[in-house]
Amino acid sequence: MVNCCGLLTAKKEPVPLKSVEVEVEVRDHVATVVSTLLYENKEDKPLEAVFVFPLPGEAAVCHFSAKIGETQVVAEVQEKQKAREEYDDALSSGLQAFLLEESEQSPDIFSLSVGSLPPGESASIRLDYVTELAVQADDGLRFCLPAVLNPRYQPQGSEGGSVQLSSVPASLVPYSLSLSARVSSPRPISKVESNCTLDPLQYLNTEQTQATIKLGAGHKFDRDVELLIYYKDAHQPTAVVEAGQDSAKPGTLMGDSVVMLSLYPEFPQAVMSSVASCGEFLFVIDRSGSMDCAMNGRERGQSRIGSARDTLLLLLKSLPMGCYFNIYSFGSSYDHIFPKSVEYSQKSMDEALKVVEKMKADMGGTEILRPLKHIYSQPCIPSQPRQLFIFTDGEVGNTKEVVNLVKRNSGCHRCFSFGIGEGASSALITGVAKEGGGHAQFITGADRMQPKVMQSLRFAMQPAVLDITVTWDLPKGVSVTPLSPPITTLFQGQRSLLYAQLTGESSGATEGCVTVKYNLVDQPSQNQLHFSLNPTEDTGLTAHRLGARTLIRSLEMEKGGNMGQHNDGVKEKVVELSVQSGVSSAFTAFIAVNKANGEAIQGPLLRRNVPTPSYGSNLGSDNSGEDYELVVCGAAEPEPIQPPRDSLLQLISLQKASGCWVLEPALAAALGRTSKEVEQPKPASVNKEVWATILALIWLHGFKMEAREEWELLAMKAVSWLHAQKAPSVTECVEAGNALLGCKVQKDALGL
């Protein structure tokens with residue numbers, strides 16, 4: 001028996017990654033991340049270590065280097081096949097080499113190979129990337145360091161081979177993680193929250209525009225590390241102009257200035273207060289086996305599928321009368337509640353809810369392509385804009401195929417996506433929402449699914465913004481080349497990011513202006529932003545790298561979407577751009593060879609797969625056929641238990657499709673009263689439904705204001721129903737209802 005501790009492979013060999021150290025620099029809405037991975041070979045033979053790990057799908061990887069002893073080797077970007085050949089040649093010549101490549105299936109998975117690590121030697125690998133931070137429902141900015149990589153489900157017959165992963169339960173991960181972040185912004189930082197334990201926020205100046213934050217000691221790899229950063233007056237349009245590299249040729253992307261614009265369109269209040277009363281709402285629910293895992297990776301809690309059932313209840317109660325809907329389930333196969341979308345009514349809602357209540361995570365793998373193809377083959381309903389809601393824990397191997405399908409059909413629908421649980425693929429979730437003109441949400445840890453989903457439903461009910469154009473007004477001598485694809489969607493309160501290359505110089509004027517024009521409910525509108533052409537101090541090359549990444553992603557999508565002759569031309573363009581900007585792509589890789597070490601490394605190489613944490617996967621095995629064993633005893637994960645339905649959902653489940661409630665014993669119980677107590681104070685002139693509906697609204701406002709986002713739409717529906725009844729004695733009802741329930745809710749607050 002080998003006498004060692006830590007993680008061993010089935011052959012009792014130690015795994016060589018020792019620690020991961022991450023430093024994050026957040027400037028306003030952009031993060032630069034520097035990760036240092038320490039490898040150590042404690043065996044008596046030279047090693048090759050292979051580590052497959054997740055990164056945010058939107059990240060631009062822009063630096064990769066290795067330090068062995070005192071020697072530092074910086075990698076360069078090359079065409080992928082050429083880089084692989086150089087790596088193999090170096091290893092067969094006894095040289096040390098390092099290879100970093102992005103998966104061709106999914107831009108959020110990377111593979112790092114550390115070759116020819118001699119016995120007793122350690123190597124420190126540095127990996128840098130830049131990424132934009134997504135705006136959340138509550139105006140926070142979300143930074144996520146994915147730690148968890150769930151095995152991806154590769155459907156039969158889909159394109160490309162699957163990525164070979166090694167994964168172990170999170171509690172058995174043998175390496176440590178430390179993370180520190182520095183946040184700076186033109187506006188004060190009000191707070192930083194996290195799903196992990198943080199040391200207290202330290203402000204670095206009296207204006208509170210700079211601060212540092214650290215991950216608490218003893219972090220367990222059972223979840224992604226999420227930071228939510230809140231600024232005061234968050235939604236201000238900004239422009240950053242970044243000077244090009246002195247060493248690069250003017251007229252090229254890296255030689256010219258790049259401007260990064262963040263725009264927050266503000267729509268007229270009159271338009272925003274009206275909610276659409278039409279639409280075809282299609283809810284697509286993942287019912288693969290992994291949806292049985294607990295929502296919250298750490299405690300016994302509600303399962304993902306249980307949370308999805310509750311969310312569907314809320315969605316179905318919030319839909320407007322007169323719309324159409326259907327619900328699809330998918331796993332290894334797919335099915336739907338109705339053969340085609342049906343009009344929303346009491347009968348169709350009841351029928352759907354009966355099926356939803358019985359939904360289990362019992363449909364096998366994660367084949368999302370087939371249900372989507374079926375949906376797109378169905379004709380759209382005239383005057384009912386199609387809105388697609390996809391719920392999945394996002395563990396698929398054919399990400400690019402799925403995103404391309406959504407892109408090809410983007411003209412006829414909007415797509416809203418929800419990544420559920422740790423390890424959901426950010427490339428899949430953000431990809432389908434971006435290409436489908438919708439909005440992406442991630443639901444992890446202790447997050448409740450409902451408020452995030454209801455925010456997206458409100459977006460779906462916002463009128464569509466049409467005919468979006470962007471015009472630039474720049475001084476003479478300066479021309480603009482957009483790096484971002486054209487804007488296809490705008491939502492109130494959501495940021496749009498634009499990158500553009502500025503070529504040439506102006507002799508006099510130092511200001512530019514960008515105008516976004518669009519039509520909203522047949523009203524032409526516009527937003528303008530004036531910006532200085534003088535480069536912002538000290539931004540590194542962040543905007544250039546993010547601009548290059550944006551252009552690379554659009555070109556890769558173009559290559560994926562057009563199976564045809566000019567594909568090689570697109571690939572050449574991507575390779576050239578990737579090499580020039582030093583930003584990774586699906587067709588290139590980072591390669592570094594250490595030629596400083598005079599002696600060739602002797603002996604055959606042992607290969608070690610370094611495992612990543614996976615949540616809810618089978619204990620200690622991986623797709624590469626290796627089994628892991630930790631020399632400790634671990635308890636099996638408990639089955640998630642379903643908590644009893646909470647009082648809010650109980651009340652909501654009793655609402656009718658029209659928006660009203662009925663006076664019944666179940667309503668009295670939900671309000672915490674007896675039937676007699678509820679019926680007695682009813683004013684004589686008022687009918688039972690009006691009284692029941694006013695009581696339900698008073699209870700929501702009096703006891704559930706903290707969950708207002710979840711019930712706001714269905715309450716608006718109830719208020720519309722009350723107005724339509726032209727009921728007498730509403731003031732008297734509100735007073736009697738307050739007395740009965742012990743509340744002090746004003747009639748105006750109810751919207752009456």
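These exercises, each with a worked solution, walk through one predicted model.

Residues are numbered from 1 along each chain as its sequence is written, and side-chain values use heavy atoms, with hydrogens and water left out. As the model is predicted, local features need pLDDT of at least 70 and side-chain atom pairs count only at pLDDT 80 or more, while totals for chains, interfaces and linings use all residues.

**Exercise 1. The whole chain**

Task: How many helices and strands are there in the chain, and what percentage of its residues count as buried?

Solution.
- Step 1: Start with the elements. The chain has 16 helices and 36 strands. Both are DSSP runs, numbered from the N terminus: helices are H or I with at least four residues, strands are E with at least two.
- Step 2: Turn to burial. Of the 752 residues, 57% count as buried. Buried means under 20% relative accessible area, exposed means over 50%, and partly exposed lies in between (1.4 Å probe, protein chains only).
- Step 3: Look at the surface. About 31,100 Å² is exposed by the chain, and carbon and sulfur atoms supply 50% of it. Such areas come from the Shrake-Rupley method with a 1.4 Å probe; for residues, only the protein chains shown count as cover.
- Step 4: Check the contacts (heavy atoms within 4.5 Å). Among those between residues at least 6 apart in sequence, 75% join residues at least 24 apart.

**Exercise 2. Two lysines**

Task: Decide whether Lys-80 is buried or exposed, then find what its side chain reaches. Do the same kind of survey for Lys-18.

Solution.
- Step 1: Place Lys-80. It sits in helix α1, residues 80-92.
- Step 2: Apply the cut-off. Lys-80 has 4% relative accessibility, so it counts as buried.
- Step 3: Follow the side chain. The side chain of Lys-80 reaches the backbone oxygen of Ala-586 at 2.8 Å.
- Step 4: List the neighbours. Leaving aside residues up to four places away in sequence, Lys-80 touches Glu-101, Glu-102, Glu-104, Ala-586, Phe-587, Thr-588 and Ala-589.
- Step 5: Move to Lys-18. This residue lies in strand β2, residues 17-27. Its relative accessible area is 27%, so Lys-18 is partly exposed.
- Step 6: Find a partner distant in sequence. Lys-18 and Tyr-175 are 157 residues apart in sequence, yet their C-alpha atoms are 4.8 Å apart in space. Tyr-175 is also one of the residues Lys-18 touches; the others are Leu-38, Glu-40, Lys-42 and Ser-176, not counting residues up to four places away in sequence.

**Exercise 3. The two sides of helix α4**

Task: Find which residues of α4 are buried and what covers them.

Solution.
- Step 1: Check the length. The expected span is 1.5 Å times one less than the number of residues. For the twelve residues of α4 (346-357) this gives 16 Å, and the end C-alpha atoms are 16 Å apart, which agrees.
- Step 2: Name the buried residues. In α4 they are Ser-348, Met-349, Ala-352, Leu-353 and Val-356.
- Step 3: Look down the axis. The buried residues of α4 fall within an arc of 130°, so they line one face of the helix. The arc is that of the directions from the helix axis to the C-beta atoms.
- Step 4: Recall the general rule. An α-helix has 3.6 residues a turn, so residues three or four places apart point the same way.
- Step 5: Turn to the other face. Turned away from the buried side of α4 are the exposed residues Lys-347, Lys-354 and Glu-357.
- Step 6: Find the cover. The buried residues of α4 are covered by elements including α3 (304-318), β22 (324-330) and β24 (342-343).

**Exercise 4. Salt bridges**

Task: How many salt bridges does a search of the whole structure find? Then place three of the pairs.

Solution.
- Step 1: Count. The search finds 17. A salt bridge puts a side-chain nitrogen of Lys or Arg within 4 Å of a carboxyl oxygen of Asp or Glu.
- Step 2: Take Lys-571 and Glu-79. Their side chains meet at 3.8 Å, N to O. Lys-571 lies in helix α10 (567-581) and Glu-79 in strand β7 (76-79), so the pair ties together parts 492 residues apart in sequence.
- Step 3: Take Arg-287 and Asp-362. They meet at 3.1 Å, N to O. Arg-287 is in the loop between β21 (280-286) and α3, and Asp-362 is in the loop between α4 and α5 (369-377), 75 residues apart.
- Step 4: Take Glu-712 and Arg-708. This salt bridge spans 3.6 Å, N to O. The two are four residues apart in helix α15 (708-725), so about one helical turn separates them.

Definitions and conventions:
A polar contact is a pair of N or O atoms within 3.5 Å; within protein, one must be able to donate a hydrogen and the other to accept it, and residues adjacent in sequence count only if both atoms are side-chain atoms.
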